[in-house]
Amino acid sequence: MPAPDRAPTEADGYFQRISRIDDGVWVIAQPQPFQVQPIGNVTVIEQADGLVLIDAGGSPGAGRRIVELVRSVSDKPVKAVAISHWHGDHVLGLSAIAREWPGVQVIATDVTASHLAGRSMKAYPKGAPDAALQAAFDQRLDGADGFVRDMLAKPELAATERAGFEAAQRLFHQYRDDTRDLYVVVPTRTFSERLRLDDAKRPVELWHPGRGNTDGDLVAWLPKQRAMVTGDLVVAPIPFGFNAYPAQWARSLAALKAKRPAVWIPGHGAPMRDAGYVDREIELIDRTRAAVAPLAKAGLTMEQTRAKVDLSAERAGFVGDDAWLSRWFDRYWTQPFSDAAYREATGQPIEQGEG
Ligand SMILES: [Zn+2]
């Protein structure tokens with residue numbers, strides 16, 4: 001167990017909380033939306049015969065907290081969990097949820113289901129814990145811990161960076177506890193384009209709007225509440241640009257906007273009551289593509305292009321002059337999304353890999 005002084009503090013905003021979005025609709029989110037090891041938001045929707053969850057948190061520990069938070073708002077069982085995409089911060093809490101409600105249906109697009117069952121999640125045990133794979137995971141966590149320690153030894157860190165890495169150290173300590181007995185729960189029900197979970201008051205339309213953040217993105221549309229649950233197609237304050245499909249991402253967001261949502265529930269960050277942030281994200285995608293395309297066409301390599309792309313104005317628009325958030329904007333957006341835009345501009349396939 002962690003020593004108390006190494007656990008995350010209240011100010012770290014690591015532990016999820018539940019808040020009401022509408023009658024019978026809640027979101028479970030981290031109060032501090034930017035975390036080095038984030039936990040995906042979970043949307044809870046009450047239907048007549050049970051609860052539907054969109055996403056499942058990022059670890060068994062996060063899943064156990066989700067179970068408690070769900071129990072705090074409803075006595076109904078969780079009957080279904082729909083997974084927005086295959087990345088671990090949205091799926092690895094499923095084991096704790098399935099333990100609490102063994103009959104739960106796990107829904108994903110067929111593309112996401114094959115990622116979860118296959119090579120993309122090969123580092124994780126399937127269906128039950130596995131000592132060897134857990135040991136390898138713990139070793140990677142040691143590596144991440146070591147990286148944070150090395151960073152904290154650098155005297156030139158800005159104050160916000162030092163505070164950020166200190167918080168990351170506390171977070172990794174908790175994450176180590178949260179990720180004991182880690183395993184992937186494979187989906188039990190899949191679809192390719194649309195699946196409706198009908199209900200008199202709160203029907204849920206699960207929808208694959210096309211490729212974007214991954215090749216199998218699932219969003220959930222609540223037509224009566226006009227709520228759009230986006231997965232990581234929308235992430236605040238810093239979008240995640242890994243292994244993305246740039247042009248298709250912008251098209252997917254435009255398709256979501258066409259439904260005219262009254263509330264947006266992003267994959268990370270607080271719910272939004274207008275499309276302002278989504279517009280900024282579409283603009284960021286377009287500007288990044290526009291910055292990369294001419295460099296790629298001029299024959300630069302991916303590495304040269306990544307080094308030359310200047311998104312400092314866009315970065316300032318998202319995170320201001322905060323050195324900590326600027327660092328992660330570069331690592332979570334500028335670098336990976338430039339690479340994706342380069343692949344797009346030069347006709348190379350996007351590889352989905354470890355998440
Ligand atoms: Zn995520």
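User: Leaving aside neighbours within four places in sequence, which residues is Asp339 in contact with?
Analyst: This is a predicted model, where local features need pLDDT of at least 70, side-chain atom pairs count only at pLDDT 80 or more, and totals for chains, interfaces and linings use all residues. Residues are numbered from 1 along each chain as its sequence is written, and side-chain values use heavy atoms, with hydrogens and water left out. Contact means heavy atoms within 4.5 Å. Outside its neighbours within four places, Asp339 is in contact with Met302 and Arg306.

User: Is Asp339 buried or exposed?
Analyst: Asp339 is placed in helix H11, residues 323-345; helices (H or I, at least four residues) and strands (E, at least two) are DSSP runs, numbered from the N terminus. Buried means under 20% relative accessible area, exposed over 50%, and partly exposed in between, with a 1.4 Å probe and protein chains only. Asp339 has a relative accessible area of 16%, so Asp339 is buried.

User: What percentage of the residues in the chain is buried?
Analyst: The count runs over the 355 residues in the chain. Buried residues make up 57%.

User: How many helices and strands are there in the chain?
Analyst: The DSSP runs are counted for each kind. The chain has 11 helices and 12 strands.

User: What share of the contacts with a separation of 6 or more is between residues 24 or more positions apart?
Analyst: The contacts considered are those in the chain with a separation of 6 or more. Residues 24 or more positions apart account for 68%.
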